[in-house]
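Biologist: Could you take me through one part of this structure up close, in plain words? Start wherever you like.

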Amino acid sequence: MKVMVIQGPNLNMLGIREQQIYGPMKLEDIHRQMKAFADANGMEIEFFQSNYEGEIIDKIQECLGDADGIILNAGAYTHTSIAIRDAIAAVQLPTIEVHLSNIYRREKFRQKSMIAPVCAGVITGFGPFSYHLALVSMHQIFQEMQAIKAQQQAQNPQS
Ligand code: DQA
């Protein structure tokens, strides 16, 4: 099964931007660790980063028929984008919202997520490890999805 990892605005600046908040690790290094976990656990994984809201929406839509789940750090769009929320609701794929920082102990404007209500869950505040936790969670979701599918096929072998 395949997971699409979508990174929003300014996440390409990890390792440079506000290191006291986001730490020294670069996005490529986070992705390398995620790929190693995915390979070891038989998951397909793809990565996408964009600073543009419309491109993030296009990528979420493209997941339909191409991916089984989404891990999304929408960056600042988390707090503003009804359009990204609508895209997640439209594709109906299990989506995990991720943040490096704990958005609930930061500025008031970051304490609200537009996206969380349409996500399977939210992981926030564990630095780069948030992505690992999200991937472990997605692995669990995939196993549950496969178990349900196998059960349905056993009940209805013709379908
Ligand atoms: C972030 C938190 C957002 O508030 C911020 O705009 C980001 C990164 C995080 O991963 O902690 O760009 O999503």
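Modeller: Let's start just past a helix: α4 is followed by glutamine 92, whose phi is positive, near 55°. Helices here are DSSP runs of H or I with at least four residues, strands are runs of E with at least two, and both are numbered from the N terminus. Before we go on, this is a predicted model, where local features need pLDDT of at least 70, side-chain atom pairs count only at pLDDT 80 or more, and totals for chains, interfaces and linings use all residues. Residues are numbered from 1 along each chain as its sequence is written, and side-chain values use heavy atoms, with hydrogens and water left out.

Now back up into α4 itself, which covers residues 82-91. Ile84, Ala87, Ile88 and Val91 are buried there, meaning under 20% relative accessible area with a 1.4 Å probe, protein chains only. Look down the axis of α4 and its buried residues fall within an arc of 95°, so they line one face of the helix; the arc is taken from the directions from the helix axis to the C-beta atoms. Here's the general reason: an α-helix has 3.6 residues a turn, so residues three or four places apart point the same way.

What sits over that face? The cover on the buried residues of α4 includes α3 (53-62), β3 (69-73) and β4 (95-99), with contact meaning heavy atoms within 4.5 Å.

Those two strands, β3 and β4, belong to an open sheet of five, in the order β2-β1-β3-β4-β5, with parallel pairing; two strands pair if DSSP finds at least two bridges between them. At the edges are β2 (44-49) and β5 (121-124), each pairing on one side only.

Definitions and conventions:
Buried means under 20% relative accessible area, exposed over 50%, partly exposed in between (1.4 Å probe, protein chains only).
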